[in-house]
Amino acid sequence: MYEALVLKRLGFSVKGLSGLSKNSSLPQISRNLFVVCSLFVYQLRTGAVKPRLLVRPVTQIPERSLVHQEGLPKLPVPPLKQTCEGYLAALEPIVSAEELDHTRQLVGEFLNGGVGERLQKGLERRARKTENWLSEWWMQSAYLDCRMPVAVYTSPGVVLPRMHFQDRQGQMRFAAKLIAGVLDFKKKIDSETLPVEYLSGKPLCMDQYYQILSSCRIPGPKRDTVVNYAIGKISSTHITVVHNFQFFVLDVYNSDGTPLTVDQLHMQLEKIWNSSLQTNKEPIGILTSQHRNTWGKAYNNLIKDKTNKESVRAIQKSIFTVCLDAPMPRVSDEKYQSRVAAQMLHGGGARWNSGNRWFDKTLQFIVGEDGTCGLVYEHAPAEGPPIVFLIDYVVKYMQRIEMVRSPMVPLAMPQKLRFNITPEVKRDIEKAKQNMNIMVHDLDVKVLMFSHFGKNVPKKHQLSPDAFVQMALQLAYYRMYDTCCSTYESASLRMFKYGRTDVIRVTTVDSLNFVQAMQDPAKQVGERVLLLQKATQTHKNNTYNAIHGQAVDRHLLGLKMLSIEDLTSMPEIFMDTSFAVAQHYNLSTSQVGSKTDCVMCFGPMVPDGYGVCYNPMEEHINVAITAFNSCEETNAARFAQAVEGALLDMRMTGHVYNKSL
């Protein structure tokens, strides 16, 4: 939304950016302007990164969570020549031949002119001196320096299966069980008894599990920070509950240190509900949805007041937040999942539940009076896997029926957090309401519950389910736009100490050959199948390289960050049109390996792009697609239809081929 406005101010429509990038006949000044615009938009969007999930099955072994932590290998620095070759290969299907020739020349100069080698040696020195050469840079550039709002732009939402309750009693009971489940999970984190996760027989870094509870993002004028209150002598013993825009501190432990039972939690939630019946309160939480610079100024203004500062600190220090939402407008069953996905991302607007949030809080569980439930999480402290594992754990916990006798001890009334609303704070809230409503109207969300088959079909044909879905996304995009685009799929680097993510570049020469063959009536079925097999195998190889620290993107980021820190002139390969095209991810994608039948969703990475998150279950696939309404070319429902058609046609192609053998 903000980027689209920037482009319009500069005289561009979002329309045709990718076409412009490939048009080598344009005058050089136009092409240079495109580079400037693209880099500017990219910098605005830096950090609009999405849930980062493993793309291979992870196994769990019951042993002490941090037993392998010190012995984990360090993230390697890939060979420079390998990265340069990988970069050129990634560009081949997405830029023109003329652009590729120009970039080859720049890459050759970078490799052989001494600049690349000097930066590579600097990066290798940094790798020797630090526990992870990337993690601090990544946290800064991807999250803390990013000034876009966290709502929609960086915070993912998760939709849990619809609950059967339709009233406050059901809402309270469900919320009480959910809180008990998360506290049980916390006990495993605190006692270091979470099972260690393994991938390909190797233990994964478990550090992110220790970052998701009792943590909060804090806005700054130019850069944010993340504070983790779980690290320290006195750990938090309360959660925050928000209802009708009013925040409460709920102590969740008895004086002897035992967690409150489900019955006790239910009673306390009832007290909160009854103390917050009036709906005319100022939605102070909506301030957290603002552009980070705007929120940074409003934050400093808000905490000048001692009462406000204490209330804000109580929210920041809480273990997590529970949002008891008002019912949303009813929609048809067909539109229900899409509406709830949007509600998880932004709350539905100022009239509904957008003020019933503290978007800076790492974990916010959302329980609606109408049976909707899920969560939204602030992305800076951790990637998706710990969140998904937590969801699976809590859902399983809630299915167990346990009769725990509650101690006959009267519990203190949960403390209501007070805010003094000065005229200046009131103005900030009104501005935040307006901006949130613009954001809500601009976000286009479509959830596709693909019921025809799941990962069972590609597995039957010895194809990677993840690669199969990714090729369907490539085919859907190609059919809609008659071109392919830069595509981001996240890969976890948790094989390495403090590892975060790298990029699996999905669009390859092989994926392009496959989608073109699917659109060419002259191609035989057998040839299409062989091209699909080749494309999925290339994707598997790229995935393997990414999770083993041998991908292209983070290495290039490291070289670029080092040149910035050294105050040397920026190497030409980072100022090149091709680099802007490569970083302009029209498709930003992620697989969610959840056992729970949930839907994860996130906003697009660029103004003319799509955010696509998919959960491949055994016999169906949940796909959440987002786009911006301010872009005339993108449409989430049309893309969902194209994805469904692509999946069905790919199955049919395999079916016809197998029958003919």
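A polar contact is a pair of N or O atoms within 3.5 Å, and within protein one of the two must be able to donate a hydrogen and the other to accept it. In this predicted model, the backbone oxygen of Lys271 lies 2.8 Å from a polar atom of the side chain of Ser275.

## Ser275 and its surroundings

Ser275 has its place in the loop between α9 and α10 (292-302), and with a relative accessibility of 25% Ser275 counts as partly exposed, because the buried class ends at 20% and the exposed class begins over 50%. Leaving aside residues up to four places away in sequence, Ser275 touches Gln246, Phe248, Met413 and Lys416. The C-alpha atoms of Ser275 and Pro414 are separated by 9.5 Å, although the two residues stand 139 residues apart along the chain.

Helix α9 (residues 262-274) contains Gln264, which is buried with a relative accessible area of 1%. The side chain of Gln264 reaches the backbone nitrogen of Thr261 at 2.9 Å.

In α10, the buried residues are Arg292, Trp295, Gly296, Ala298, Tyr299, Asn301 and Leu302. These buried residues of α10 pack against the strand β5 (215-218) and against the helices α11 (306-317) and α14 (423-442).

## The protein as a whole

The protein holds 21 helices and 19 strands, and of its 661 residues 61% count as buried. Among the contacts in the protein with a separation of 6 or more, 78% are accounted for by residues 24 or more positions apart.

## The annotated position His379

UniProt, in an unreviewed entry, places the feature "active site" at His379. In the model, His379 is found in the loop between β11 (373-377) and α13 (384-399), and at 0% relative accessibility His379 counts as buried. The side chain of His379 makes a polar contact with the side chain of Tyr143, at 3.3 Å.

## Helices α7 and α19

Two packed helices are described by the angle between their axes and the distance between the axes. Helix α7 (residues 135-144) and helix α19 (residues 553-565) pack at an angle of about 85°, with their axes 11 Å apart. The two helices α7 and α19 are therefore roughly perpendicular to each other, since angles from 65 to 115 degrees fall in that class. On the side of α7 the contact is made by Trp137, Trp138 and Ser141, and on the side of α19 by Arg554, Leu557, Gly558, Met561, Leu562 and Glu565. Sorted by character, the residues of this contact of α7 with α19 comprise 5 nonpolar, 2 polar and 2 charged.

Helix α19 also contains His555, which is buried at a relative accessible area of 1%. Not counting residues up to four places away in sequence, His555 touches Val77, Pro78, Pro79, Leu80, Thr83, Gln120, Leu123 and Trp133. Of these, Pro79 lies 476 residues from His555 along the chain, while the C-alpha atoms of the pair are separated by 9.3 Å.

## Ser492 in strand β14

Ser492 lies in strand β14 (residues 487-492) and, at 5% relative accessibility, counts as buried. The side chain of Ser492 reaches the backbone nitrogen of Arg494 at 3.1 Å. The C-alpha atoms of Ser492 and His548, which are 56 residues apart along the chain, are separated by 9.0 Å.

## Two residues with positive phi

Most residues other than glycine have a negative phi. Ser214 is not a glycine, yet has a positive phi of about 60°, and Asn244 likewise has a positive phi, near 50°. The table sets out where each of them is found and how accessible it is.

| Residue | Phi | Loop | Relative accessible area |
|---|---|---|---|
| Ser214 | about 60° | between β4 (202-203) and β5 | 2%, buried |
| Asn244 | near 50° | between β7 (238-243) and β8 (246-251) | 14%, buried |

Ser214 and Asn244 both count as buried, because their relative accessible areas of 2% and 14% are under 20%.

Key:
Residues are numbered from 1 along each chain as its sequence is written. This is a predicted model: local features need pLDDT of at least 70, side-chain atom pairs count only at pLDDT 80 or more; totals for chains, interfaces and linings use all residues. Side-chain values use heavy atoms; hydrogens and water are left out. Axes are lines fitted to C-alpha atoms, for helices over the stretch in contact, and angles run from 0 to 180 degrees between N-to-C directions. Helices (H or I, at least four residues) and strands (E, at least two) are DSSP runs, numbered from the N terminus. Angles under 35 degrees count as roughly parallel, over 145 as roughly antiparallel, 65 to 115 as roughly perpendicular and the rest as oblique. Contact means heavy atoms within 4.5 Å. Ala, Val, Leu, Ile, Met, Phe, Trp, Tyr, Cys and Pro count as nonpolar, Asp, Glu, Lys and Arg as charged, and the others, Gly among them, as polar. UniProt positions are given in the numbering used here, feature names are shortened, and annotations may be inferred rather than shown by experiment. Buried means under 20% relative accessible area, exposed over 50%, partly exposed in between (1.4 Å probe, protein chains only).
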